[in-house]
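Please study the sequence and the three-dimensional model shown below before reading on. The explanation is meant to be followed with the structure in view.

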Amino acid sequence: MDGQMSGPQAHFLFPVVEMRQDLPTLRRILAAVVEAMGYELVGVEFHAGHANALLRIYIDHENGVTLDDCQRVSHQVSGVLDVEDPIAGRYTLEVSSPGLDRPLFEAGHFIRFAGSEVRIQLKTLLEGRRKLLGRLCGMDGDAVVLVDGEGREWRVPIEHIEKARLVPEI
C-alpha cells in the first residue's frame, strides 16, 4: 500500500426538507380550509429537520378547542396538503390549540392581547438583548411595544421577532 487507507468509508447524507411555496402562501392555503370549518387559524410554524420536518398549525374557536376539533382539522388539512403538495419530502402535521402560553404571530395578535404579559425572543440582538419579558402595550406602526418589569419601554419591529408568546397568568 502506498499510504492510502482502504476499507469502508462513512458517508452522511442529510435530506433537506423544503417548502415548495413560501410560508405566507402556505398560510393562505391553510386559512381557507381552517376558516371554512369555523375555526380561526392562529398561526403556522414550519421546522425543517434532517429526517422529518414539522408543520405545526394552531387553531382556535370561541368555544375553545378539543382533541376532536384538532383531529377534524388535521384530516381536512391533510387532504388539501396532499393535493397542493407545498412541502417536499416527509413531514409531520401537528394541529394544536394555542394553549395558555398562546403564540403571537401577527400585528392583530399584539393589538388583541395588549395588557397581557408577553415573552419575546428576537432574531437578532436589540441593545444587547435577545429576550424580552414585559407587559404588552400593542403596536405603534410596525413595532410591537412593551414595558418590561423595570418600567422601560421597548419598541421592537415585528419583523425582528422570532417568537412571541403570552405568559400565562395563574
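The paragraphs below proceed from the whole chain to one helix and then to single residues.

The model is a predicted one. The protein contains three helices and eight strands. Along the sequence, these elements follow the pattern α-β-β-α-β-α-β-β-β-β-β. The protein has 170 residues, of which 34% count as buried. It exposes about 10,600 Å², and carbon and sulfur atoms supply 52% of that area. Contacts across the sequence can also be described for the protein as a whole: among those between residues at least 6 apart in sequence, 55% join residues at least 24 apart.

Let us turn to helix α1. This helix covers residues 23-36 and has 14 residues. From its first C-alpha to its last it reaches 20 Å, close to the 20 Å expected at 1.5 Å a residue. Which residues of α1 are buried? They are L26, I29, L30, A31, V33 and V34. A general property of helices helps in reading such a list: an α-helix has 3.6 residues a turn, so residues three or four places apart point the same way. The buried residues of α1 pack against strand β1 (40-47), strand β2 (53-60) and helix α2 (67-84). Just after α1, G38 takes a positive phi of about 95°.

The packing of α1 on α2 deserves a closer look. Two packed helices are described by the angle between their axes and the distance between the axes. For α1 and α2, the axes come within 10 Å and cross at roughly 135°. The two helices are therefore oblique to each other. Their crossing is right-handed. On the α1 side, the contact is made by L26, I29, L30, V33 and V34. On the α2 side, V73, Q76, V77, V80, L81 and E84 take part.

Another residue of helix α2 is D69. Is D69 buried or exposed? Because its relative accessibility is 9%, D69 counts as buried. Leaving aside neighbours within four places in sequence, D69 is in contact with Y39, I59 and G64. The C-alpha atoms of D69 and M37 are separated by 9.7 Å, although these residues lie 32 residues apart along the chain.

Helix α3, which covers residues 107-112, includes R112. H109 is also found in helix α3. These two residues may be considered in turn. H109 has 4% relative accessibility and therefore counts as buried. R112 has 47% relative accessibility and so counts as partly exposed. Beyond its neighbours within four places in sequence, H109 is in contact with E40, V42, P103 and L104. R112, with residues up to four places away again not counted, touches E40 and R102. E40 thus appears among the contacts of H109 and among those of R112. R112 may also be compared in position with G138: the two are 26 residues apart along the chain, and their C-alpha atoms are separated by 7.7 Å.

The path now leads to the loop between α3 and β4, where A114 is placed. A114 is partly exposed, with a relative accessible area of 39%. Which residues does A114 touch, not counting residues up to four places away in sequence? They are L136, C137 and G138. From A114 to L136 the C-alpha to C-alpha distance is 5.0 Å, while in sequence the two are 22 residues apart.

The next loop to consider joins β4 (117-126) and β5 (129-140), and E127 is placed there. Most residues other than glycine have a negative phi, and most peptide bonds are trans. E127 is not a glycine, yet it has a positive phi of about 50°. With 58% relative accessibility, E127 counts as exposed.

The last stop is strand β7, residues 153-157, in which R155 is placed. R155 is partly exposed, with a relative accessible area of 42%. Apart from neighbours within four places in sequence, R155 is in contact with L126, D140, A143, V144 and V145. R155 and M139 are 16 residues apart in sequence, and their C-alpha atoms are 8.6 Å apart in space.

Key
Residues are numbered from 1 along each chain as its sequence is written. This is a predicted model: local features need pLDDT of at least 70, side-chain atom pairs count only at pLDDT 80 or more; totals for chains, interfaces and linings use all residues. Side-chain values use heavy atoms; hydrogens and water are left out. Helices (H or I, at least four residues) and strands (E, at least two) are DSSP runs, numbered from the N terminus. The expected span of a helix is 1.5 Å times one less than its number of residues. Buried means under 20% relative accessible area, exposed over 50%, partly exposed in between (1.4 Å probe, protein chains only). Contact means heavy atoms within 4.5 Å. Accessible areas come from the Shrake-Rupley method with a 1.4 Å probe; for residues, only the protein chains shown count as cover. Axes are lines fitted to C-alpha atoms, for helices over the stretch in contact, and angles run from 0 to 180 degrees between N-to-C directions. Angles under 35 degrees count as roughly parallel, over 145 as roughly antiparallel, 65 to 115 as roughly perpendicular and the rest as oblique. A crossing is left-handed if the near helix is turned anticlockwise from the far one by less than a right angle, and right-handed if clockwise.
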